[in-house]
Amino acid sequence: MEESIDLYDTILNEFEIKKQSINTYSPLTLAYIGDGIYETVIRSLVVGHGNGQVNKLHKKSSSLVKAETQSKIIKLLLDELTQEELQIFKRGRNAHSFTSAKNASAADYHMATGFEAVMGYLYMEGRIQRIFELVKHGLEKIEVVW
């Protein structure tokens, strides 16, 4: 059995950074890190399905990380979120950002921000398995074809 590694804590420890309370982070900060984590999971899945031309890998990954797709996924997962996750989602969705997504409606952008906030929250809490569970269920629900 392989050892489980809390990547966030490991990074902070390696670079001698004191961990802050998760409650001190804004929902947009959680969404910022969550965006990167979700994209890393998706890229790993795409590459895991086989070697390919980088532009095709990018096209597949991009289709799954765009705001419209994230919005679809979170709408289908709302009933599966814990109360805590739902609260984080709502804070992210309702946060006032000074930027907006290219090629996405404002509604999709806000829903995607809420989804990313949940991903960031779970990552910073070391709950990687829960991230995998939600992503897996979300991709199944939108019927992703590899």
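This report walks through the pockets, a surface patch, the salt bridges and a few distances in a predicted model.

## The largest pocket

Let's start with the empty space. Rolling a probe the size of a water molecule over the atoms shows where such space is left. In this model, the largest pocket holds about 540 Å³. Its lining is made of 20 residues, and the ones closest to the centre are Asp35, Ala67, Ala101, Tyr109 and Glu116.

Where does the lining come from? Three helices each put in at least two residues: α2 (27–48), α4 (67–77) and α6 (106–124). Of the contributors, α2 has the largest share, with five residues. As for chemistry, the lining of this pocket is a mix: nine residues are nonpolar, five are polar and six are charged.

## The second largest pocket

Next comes the second largest pocket, with a volume of about 220 Å³. If you want to find it in the viewer, pick out its lining: Ile5, Leu7, Ile37, Thr40, Val41, Ser44, Leu45, Tyr123, Ile128, Ile131 and Phe132. Here the helices that each supply at least two lining residues are α2 and α7 (128–141).

Once again α2 is the main contributor, giving five residues to the lining of the second largest pocket. The make-up of this lining is nine nonpolar residues, two polar ones and no charged ones. For the largest pocket, by comparison, the count of charged lining residues is six.

## Leu7 and a nonpolar patch

Leu7 has already turned up in the lining of the second largest pocket. The residue also belongs to a nonpolar surface patch of about 390 Å², made together with Ile11, Phe15 and Ile17. In the chain, leucine 7 sits in helix α1 (residues 7–14).

Why can leucine 7 count as partly exposed? Its relative accessibility is 43%, and the partly exposed class runs between 20% and 50%. That value also fits with its place in the patch, because patch residues need over 30% relative accessible area.

## Salt bridges

How many salt bridges does the whole structure have? The search turns up eight. One of them joins lysine 19 to aspartate 9, with 2.9 Å between the closest N and O atoms. Lysine 19 is in the loop between α1 and α2 and aspartate 9 is in helix α1, so this pair links parts of the chain that are 10 residues apart. Both partners are partly exposed: lysine 19 has a relative accessible area of 38%, and aspartate 9 has 25%.

Further along, glutamate 84 and arginine 127 meet through their side chains at 3.3 Å, N to O. This bridge spans 43 residues of chain, from glutamate 84 in helix α5 (residues 83–94) to arginine 127 in the loop between α6 and α7. Glutamate 84 is partly exposed, at 38% relative accessible area, and arginine 127 is partly exposed too, at 29%.

## A buried pair and its network

Right beside these in sequence, glutamate 85 and arginine 130 form another salt bridge, at 2.8 Å from N to O. The partners are 45 residues apart, with glutamate 85 in helix α5 and arginine 130 in helix α7. Are these two buried or exposed? Glutamate 85 counts as buried because its relative accessibility is 0%, and arginine 130 is buried as well, at 12%. The cut-off behind both calls is under 20%.

The two bridges on helix α5 are part of something wider. Glu84, Glu85, Arg127, Arg130 and Glu133 are linked in a network of salt bridges.

## Two loop residues and their distances

Serine 26 lies in the loop between α1 and α2 and is partly exposed, with 32% relative accessible area. Its C-alpha atom is 8.7 Å from that of alanine 95, although the two residues are 69 positions apart along the chain.

Asparagine 103 is placed in the loop between α5 and α6. At 83% relative accessibility, asparagine 103 counts as exposed, because the class starts at over 50%. Between the C-alpha atoms of asparagine 103 and glycine 36 there are 19 Å, with 67 residues separating them along the chain.

Methods. Residues are numbered from 1 along each chain as its sequence is written. This is a predicted model: local features need pLDDT of at least 70, side-chain atom pairs count only at pLDDT 80 or more; totals for chains, interfaces and linings use all residues. Side-chain values use heavy atoms; hydrogens and water are left out. On a 1 Å grid over the protein atoms alone, a cavity is a set of points where a 1.4 Å probe fits but cannot get out, and a pocket is an open set with protein on both sides within 12 Å along at least five of seven lines; lining residues have an atom within 4 Å of a point. Grid points are joined across faces, edges and corners, and a volume is the space filled by probe spheres set on the points. Helices (H or I, at least four residues) and strands (E, at least two) are DSSP runs, numbered from the N terminus. Ala, Val, Leu, Ile, Met, Phe, Trp, Tyr, Cys and Pro count as nonpolar, Asp, Glu, Lys and Arg as charged, and the others, Gly among them, as polar. Patches are made of residues with over 30% relative accessible area and no salt bridge: like charges are joined within 9 Å, nonpolar side chains (Val, Leu, Ile, Met, Phe, Trp, Tyr) within 5 Å. Accessible areas come from the Shrake-Rupley method with a 1.4 Å probe; for residues, only the protein chains shown count as cover. A salt bridge is a side-chain nitrogen of Lys or Arg within 4 Å of a carboxyl oxygen of Asp or Glu. Buried means under 20% relative accessible area, exposed over 50%, partly exposed in between (1.4 Å probe, protein chains only).
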